[in-house]
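Biologist: Please take me through this model slowly, and explain each term as it comes up.

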Amino acid sequence: MVTIVTFILALRFLSSPKHARKGNWIGAAGMALAIVVTLFQDSVGNYALIGIGMVVGGAVGLVGARMVKMTAMPQMVALFNGVGGGAAALISLDEFHRFAGDFSTVEATSVALSALIGAISFSGSLIAYAKLQELISGRPIVFRGQQVVNALIIGTAAALGVWIATGGDQQGLIYGLLAAALVFGVMFVLPIGGADMPVVISLLNAFTGLAAAATGFVLTNNVLIVAGALVGASGTLLTILMGKAMNRSITNVLFGAFGQVQTGAGADRVDDGRTVRATSPEDVAVMLSFARKVIIVPGYGLAVAQAQHDVRQLGELLEDKGVDVVYAIHPVAGRMPGHMNVLLAEANVPYDVLKEMDEVNPEFPQADVALVIGANDVTNPAARTDTSSPIYGMPILDVDKAAAVVVMKRSMAPGFAGIDNELYLDPRTTMLFGDAKDSIVKLIGAVKAS
């Protein structure tokens, strides 16, 4: 019961960036207590093998926490999520081997669900990792008849699951179910574009929670049931909220092949004489130093450059000059839910200046400068006006309503949606080209000199 309470409290604290660290500690303490209690149960044996597993797992977790760069955090989350799903699938396989034929209907159903959902989460998370790591294309990978093939695969897996749930005890059933589920996990994520990866990671996290809850029924473990249900519920809610933030349904995310942009689709633009205007760090420093209000908009480019500490330094420097500085956080900026919050929290940016989209959008008309660092699709005005654009209808940060916009970017390359950003042609927009970290360091020097 104590462990269950700590998990609930941890989830409560994790809902706020200000208390997230405390939530992690409470959750970790609850998990440590659960492990200790489990080790003292009479049914547990082979402590040497358990110890080896704990040492290996602890070492991997420590390396992941200490050495993985912030840009690779989404990949690590995807891998750790996949490990959870894979563990649930392996437990269901072991339990089926041990008790096949002696299961109750509830236990057999739990084994089938744990194997099915866990295997999908495992292989799907690996594909998400490969897309994020650019081992395979981040664009949707589709082929003719793909949805029919997917329906046949998941139908086969479901049929095998029903067979197991209704008393089938042949060993080939569980292996067939796992194989079909693993293949479906791959086919499930392949057609989803990189821009939707935050939603996919959240959804796969919910899958892992459901698999863990089903495993809890198999093992008659209340802690596992509650923990899995909490993860499943929170992951599902987060997935829905992120879909809402993109103004897209979950079915559209899963089957819409977002990022599958045909040549010219949503990108055809009549030459109206507008051009991109480049600027220099010195000119931007003058704009920032004499501004009353500056809104900084972080994006994936900031994470790639590992410039979060420099951004905090720039923000503090401007505040010392009397400038009101806040940070605009889009729900799907980056590559995982809350990516920008985590990035800036790592640099100890105060929580009260991190403002979510709905809160900060009304402030852009009062801003003298909107400083956009690597954020592309989430600032594209085409989402409001261009019905042919793949991001049409997606809520964006209203940076174009600021008095002046400075975009820090390496080049004019499009974002994950594969379309040009109309913001860059706005007469109020200037482009500061270069690596974000180098540009911000130059800005800091120029602001100090101004």
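Biologist: Which helices each supply at least two residues of the nonpolar patch?

Modeller: This is a predicted model, where local features need pLDDT of at least 70 and side-chain atom pairs count only at pLDDT 80 or more, while totals for chains, interfaces and linings use all residues. Residues are numbered from 1 along each chain, and side-chain values use heavy atoms, without hydrogens and water. The patch joins nonpolar side chains (Val, Leu, Ile, Met, Phe, Trp, Tyr) within 5 Å, from residues with over 30% relative accessible area and no salt bridge (Lys or Arg side-chain nitrogen within 4 Å of an Asp or Glu carboxyl oxygen). With helices taken as DSSP runs (H or I, at least four residues) numbered from the N terminus, those supplying at least two residues each are α3 (47-67), α4 (73-99) and α5 (105-132).

Biologist: How much accessible area does the nonpolar patch have together?

Modeller: Its members include Leu49, Phe80 and Leu182, and α3 gives the most, with four residues. By the Shrake-Rupley method with a 1.4 Å probe, where only the protein chains shown count as cover, the patch has together about 750 Å².

Biologist: Which strands stand at the edges of the open sheet?

Modeller: Strands are DSSP runs (E, at least two residues), and two of them pair if DSSP finds at least two bridges between them. The six strands run in the order β3-β2-β1-β4-β5-β6, with parallel pairing. One side of each edge strand is left without a neighbour, because each has a single partner, and these strands are β3 (354-356) and β6 (429-433).

Biologist: Which residue of β3 is the bridge partner of Ile329?

Modeller: Strand β2 (residues 324-329) pairs with β3 in the parallel sense over three bridges. The partner of Ile329 in β3 is Glu356.

How values were computed:
Patch = residues over 30% accessible without salt bridge, like charges linked within 9 Å, V, L, I, M, F, W, Y side chains within 5 Å.
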